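Me: I am new to this protein and would like a close look at one part of it. Please take your time, and then show me how that part sits in the whole.

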Amino acid sequence: MRQAAPISDETAVLLAEHLHPVTFAKREMVLKAGIMCKYLWMIESGSLRHFWLMEDGREINTSFSVEGHLVFSMDEVYYGNLSEEYAETMEPVEAWRISVEDMNFLFETNLELCNWGRIIHQNEYRRLHRSHKERLTLSASERYRMFKQQFPIVHQRANLGFIASYLGITPSTLSRLRAEE
């Protein structure tokens, strides 16, 4: 995966002026469906899972975020709508918070940050596109192998049930695949 575009020291200082350190405890909700959170978070340490809550109460894991990732509601940032997704910490998280309003202002007024954001989103779109293709075309063992490549940190730190949900397999199937390694 390509890295985000580097930014100049001047732009880094400008961005830092808008960042505030925050910490979250394990199992704390960072995003909640139906609520405007008004912030983006740059993860310094820790991990989160992203999921949808189905009408029957099931949670379907859609992604994971770890160190170096941005966490935000695309519905809110891009469309001004309430989030449709949840993000919950899987372990304590240290992050840098910036308001959606400030981030949008920086994207509108700083070409370097606009390009930085574009590349981050372009890389995430590619990851999501590949994940969708893999879920539709690969066997469970192949999906798990690709997951380990895509999320090596999560593979080692996440609850097996969260990983199984993301892969669209049962926890027992995932346990069997892990035993075969």
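By its relative accessibility, does Leu-106 count as buried or exposed?

Reply: Happy to walk you through it. First, two notes on reading the model. It is a predicted one, in which local features need pLDDT of at least 70 and side-chain atom pairs count only at pLDDT 80 or more, while totals for chains, interfaces and linings use all residues. Residues are numbered from 1 along each chain as its sequence is written, and side-chain values use heavy atoms, with hydrogens and water left out.

Now to your residue. Leu-106 counts as buried, because its relative accessibility is 0%. Buried here means under 20% relative accessible area, exposed means over 50%, and partly exposed lies in between, using a 1.4 Å probe and protein chains only. Leu-106 belongs to helix α3, which covers residues 100-109. Helices (H or I, at least four residues) and strands (E, at least two) are DSSP runs, numbered from the N terminus.

What touches Leu-106? Leaving out residues up to four places away in sequence, Leu-106 touches Leu-14, Leu-15, His-18, Ile-98 and Leu-113. A contact is a pair of heavy atoms within 4.5 Å. You can also use Tyr-78 as a landmark: it is 28 residues from Leu-106 in sequence, and the two C-alpha atoms are 14 Å apart in space.

Leu-113, one of those partners, leads us to Thr-11. Thr-11 touches Leu-113 too, along with Asn-110 and Glu-112, if residues up to four places away in sequence are not counted. Thr-11 sits in helix α1, residues 9-16, and its 2% relative accessibility is why it counts as buried. Ser-8 is in the segment before α1. With 29% relative accessibility, Ser-8 counts as partly exposed. Its C-alpha atom is 12 Å from that of Asn-115, although 107 residues separate the two along the chain.

For another look at buried residues in a helix, turn to α5, residues 140-150. Its buried residues are Ala-140, Arg-143, Tyr-144 and Phe-147. Viewed down the axis of α5, they fall within an arc of 100°, so they line one face of the helix; the arc is that of the directions from the helix axis to the C-beta atoms. An α-helix has 3.6 residues a turn, so residues three or four places apart point the same way. The buried residues of α5 pack against β5 (59-65), α4 (111-137), α6 (152-157), α7 (160-167) and α8 (171-179).

Helix α7 holds Ser-165. Ser-165 counts as buried because its relative accessibility is 19%. Apart from neighbours within four places in sequence, Ser-165 is in contact with Glu-59, Ile-60 and Asn-61.

Two loop residues give a contrast. Arg-27, in the loop between β1 (20-24) and β2 (29-31), is not a glycine, yet has a positive phi of about 65°. Lys-38, in the loop between β2 and β3 (39-45), is not a glycine either and has a positive phi of about 70°. Arg-27 counts as exposed at 54% relative accessibility, and Lys-38 is exposed with a relative accessible area of 54%.

Finally, the whole chain. Its secondary structure comes to eight helices and eight strands. Of its 181 residues, 41% are buried. The radius of gyration is 17 Å, which agrees with the value near 16 Å for a compact globule of 181 residues; this radius is taken over C-alpha atoms, and the globule rule is 2.2 Å times the number of residues to the power 0.38. Along the principal axes, the C-alpha atoms fill a box of roughly 50 × 35 × 30 Å. Among contacts with a separation of 6 or more, 71% join residues 24 or more positions apart. The chain exposes about 10,500 Å², with carbon and sulfur atoms supplying 54% of it; accessible areas come from the Shrake-Rupley method with a 1.4 Å probe, and for residues only the protein chains shown count as cover.
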